[in-house]
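Me: I should like to understand how the terms used for a protein model are justified. Please set each value against its definition.

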Amino acid sequence: MTDVVLEVIDAGNWREALDVRVRDDQLAFVADHQPVALVILAKCFVRPGGRRWEPLLIRDGGGHTVGVLAVEHGPDGCELRNFAIDANRQREGLGTAAARAVIQRARQSSSDCEQLVVSAHPENRAAHNAYRSAGFSQTKEIRNGEPVFRLQIARAGGQESAG
């Protein structure tokens with residue numbers, strides 16, 4: 001199994017986060033601009049909808065930066081946003097590993113993430129597969145033209161349940 005580590009993007013690593021790039025044809029899947037980390041950091045500052053955004057850097061087992069994502073904290077749970085694995089590191093299982101790491105982070109924290117939600121472009125089959133592999137279930141909900149995936153987080157030794 002592929003291992004990754006999630007790290008909050010901060011003053012010490014933000015430049016590394018800027019190195020994460022997706023292919024031009026994938027940009028519509030994750031953000032409208034590159035680098036994706038800049039979009040994430042802007043949203044952390046602007047706080048769309050008044051929600052708190054948590055910017056995360058994804059590192060592989062060797063400590064190399066391989067991706068970025070954000071967790072948007074809202075009143076109904078948390079949503080994974082702007083999830084990007086670097087174009088040079090795709091198809092290695094890193095997206096699934098990162099989704100599992102977010103689940104583990106939510107399970108171990110005392111945060112408001114009792115439910116994780118993520119949506120993905122309808123043509124982004126790799127993302128759909130990664131989310132399912134990590135334990136998310138596709139709902140019948142469509143948000144901004146994208147299918148929605150959901151996972152309930154259980155704490156204190158319980159099990160997650162797809163919702």
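Reply: A salt bridge is a side-chain nitrogen of Lys or Arg within 4 Å of a carboxyl oxygen of Asp or Glu. The model is predicted, so local features need pLDDT of at least 70 and side-chain atom pairs count only at pLDDT 80 or more, while totals for chains, interfaces and linings use all residues. Residues are numbered from 1 along each chain as its sequence is written, and side-chain values use heavy atoms, with hydrogens and water left out.

Me: What makes the contact of Arg81 and Glu72 a salt bridge?

Reply: Their side chains meet at 2.6 Å, N to O; the limit is 4 Å, and therefore the pair qualifies.

Me: Why is Glu72 called buried, and what is Arg81 called?

Reply: Buried means under 20% relative accessible area, exposed over 50%, and partly exposed in between (1.4 Å probe, protein chains only). Glu72 has 6% and therefore counts as buried, whereas Arg81, at 26%, counts as partly exposed.

Me: How do you know that Arg89 and Asp60 form a salt bridge, and which parts does the pair tie together?

Reply: The side chains meet at 2.9 Å, N to O, so the rule is satisfied. Arg89 lies in the loop between β4 and α4 and Asp60 in strand β2, so the pair ties together parts 29 residues apart in sequence. Helices (H or I, at least four residues) and strands (E, at least two) are DSSP runs, numbered from the N terminus.

Me: Why is Asp60 called buried?

Reply: Asp60 has a relative accessible area of 10%, and is therefore buried.
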